[in-house]
Amino acid sequence: MKNILFTSYGYNDKDVSESFTSYCLTKQIDGHYDYTVYTKDAYVGKNVVNIKTVPFFQKLGYYRALKWDYFEFILKAYSQAKKDINNYDLIHHISPISFRYHNPLSKLDKPFIWGPVGGSLPYPKGFERIENKDSLVCKLRKMDTFRLKHDPILNSTMRRSERIVVTCRDAKRLIPEHYQEKTVIIPEGINIEPETSSNELDENYIFSSGRLVPYKALDLLIESFSKIKNQTIELWITGKGREAENLKRIAAESNVGSRVKILGAVSKQENIELLRRSKLCVFPALN
């Protein structure tokens with residue numbers, strides 16, 4: 001039985017986004033392979049090694065987008081892995097999922113998989129109004145695409161990878177031509193097993209969820225929702241972020257303020273329940 005070492009900056013079964021994705025990916029191989037997870041999260045598990053980073057970085061701006069303490073985490077992970085490398089047959093980088101983060105563990109004398117990676121995608125043309133609201137994030141994405149071609153450190157991770165796993169075709173297009181042959185597309189999965197015993201399914205609302213930031217395009221969703229002729233259906237949105245008040249204003253100006261519910265942050269289980277009971281789910285993110 002092979003023993004796999006995962007590096008996962010975020011790793012938590014109670015969280016959302018890539019931290020939860022990382023947790024689910026490792027659980028899918030449980031019973032098939034032995035494995036160990038290096039993570040900076042304080043998750044408690046028999047297969048998990050917690051690598052602490054300085055909490056100070058969490059107070060810096062754009063912490064979630066930039067992951068300021070990733071470099072501290074990955075250097076400590078490299079030092080630990082170098083000592084224990086004979087215990088592993090394979091190294092797999094799961095998180096962060098963005099292209100901007102290299103992984104020095106690829107230098108170790110074991111097969112290395114990089115992915116799933118799929119961040120850094122540029123906005124489609126025609127959305128300059130929203131792009132201007134997230135000018136710093138957009139500049140970072142443009143820098144990421146430049147670095148994929150010209151950054152020797154990032155290229156060293158790709159060069160040493162046995163496989164580069166991306167989540168969609170647009171992400172694969174960003175990979176330099178000489179690494180395309182070892183790049184594979186594996187879309188993110190979804191759990192189809194029942195998560196709830198609720199019988200109150202298919203209620204009269206449309207559902208959306210995500211951070212309330214410009215590139216999630218929830219303002220476009222509200223504007224589109226206002227054009228629906230059915231005056232009884234509602235739009236429910238979960239999540240938190242700096243766009244919350246702006247979205248409420250847009251809903252009021254579009255004459256659907258009474259039918260748009262900005263519910264704020266909810267638990268993961270409640271989010272699943274709201275999704276299951278909705279007529280449909282709309283995810284309008286631009287990238």
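# A walk through the model, stop by stop

Start by selecting tyrosine 38: with a relative accessibility of 1%, this residue counts as buried (buried means under 20% relative accessible area, exposed over 50%, and partly exposed in between, with a 1.4 Å probe and protein chains only). Before you click further, know that this is a predicted model, where local features need pLDDT of at least 70, side-chain atom pairs count only at pLDDT 80 or more, and totals for chains, interfaces and linings use all residues. Residues are numbered from 1 along each chain as its sequence is written, and side-chain values use heavy atoms, with hydrogens and water left out.

**Stop 1: around tyrosine 38**

Tyrosine 38 sits in strand 2 (residues 34–39). Helices (H or I, at least four residues) and strands (E, at least two) are DSSP runs, numbered from the N terminus. Which residues are in contact with tyrosine 38, leaving aside its neighbours within four places in sequence? Show Leu5, Phe6, Thr7, Ser8, Val49, Ile51, Phe73, Ala77, Gln80, Ala81, Asp84 and Tyr88, and you have them. Contact here means heavy atoms within 4.5 Å. Now pick glutamate 243 too: its C-alpha atom is 34 Å from that of tyrosine 38, and the two residues are 205 residues apart along the chain.

**Stop 2: the aromatic rings**

Next, colour the aromatic rings. Rings of Phe, Tyr and Trp (its six-membered ring) pair if their centres lie within 6.5 Å; planes under 30 degrees apart count as stacked, over 60 as edge-to-face and the rest as tilted. The count by this rule is 13 aromatic pairs. One of them is tyrosine 70 with tyrosine 101, an edge-to-face pair at 4.9 Å centre to centre with 65° between the planes. Tyrosine 70 belongs to helix 3 (residues 70–84) and tyrosine 101 to the loop between strand 4 (90–95) and strand 5 (112–117), so this pair ties together parts that are 31 residues apart in sequence. Are these two tyrosines buried or exposed? Both tyrosine 70 and tyrosine 101 are buried. Add Tyr9, Phe71 and Phe73 to the selection, and you get a cluster in which ring pairs link these three with Tyr70 and Tyr101.

**Stop 3: two unusual prolines**

Here is some background for this stop and a later one: most residues other than glycine have a negative phi, and most peptide bonds are trans. Zoom in on proline 96, in the loop between strand 4 and strand 5. The peptide bond leading to proline 96 from serine 95 is cis, with omega near 10°. Then move to proline 116, which is found in strand 5. Its bond from glycine 115 is cis as well, with omega near 15°.

**Stop 4: asparagine 86**

Select asparagine 86, in the loop between helix 3 and strand 4. Asparagine 86 counts as exposed, at 72% relative accessibility. How far apart are asparagine 86 and lysine 110 in space? C-alpha to C-alpha they are 9.1 Å apart, with their positions 24 residues apart in sequence.

**Stop 5: helix 5 and helix 6**

Now show helix 5 (residues 135–150) and helix 6 (residues 152–160), which pack at an angle of about 65° with their axes 7 Å apart. Axes are lines fitted to C-alpha atoms, for helices over the stretch in contact, and angles run from 0 to 180 degrees between N-to-C directions. Helix 5 and helix 6 are therefore roughly perpendicular to each other (angles under 35 degrees count as roughly parallel, over 145 as roughly antiparallel, 65 to 115 as roughly perpendicular and the rest as oblique). On the helix 5 side, look for Arg147, Leu148, Lys149 and His150; they meet Pro152, Leu154, Asn155 and Met158 in helix 6.

**Stop 6: helix 8 and helix 9**

Jump to helix 8 (residues 218–225) and helix 9 (residues 244–253), where the packing angle is about 15° and the axes are 10 Å apart. That makes helix 8 roughly parallel to helix 9. Leu218, Asp219, Ile222 and Glu223 in helix 8 meet Leu247, Ile250 and Ala251 in helix 9.

**Stop 7: two positive phi angles**

Finish with alanine 217, in the loop between strand 8 (205–209) and helix 8. Alanine 217 is not a glycine, yet its phi is positive, about 60°. Its relative accessible area is 0%, so alanine 217 is buried. Last, select asparagine 255, in the loop between helix 9 and strand 10 (260–264). Asparagine 255 also has a positive phi, about 65°, although it is not a glycine. At 69% relative accessibility, asparagine 255 counts as exposed.
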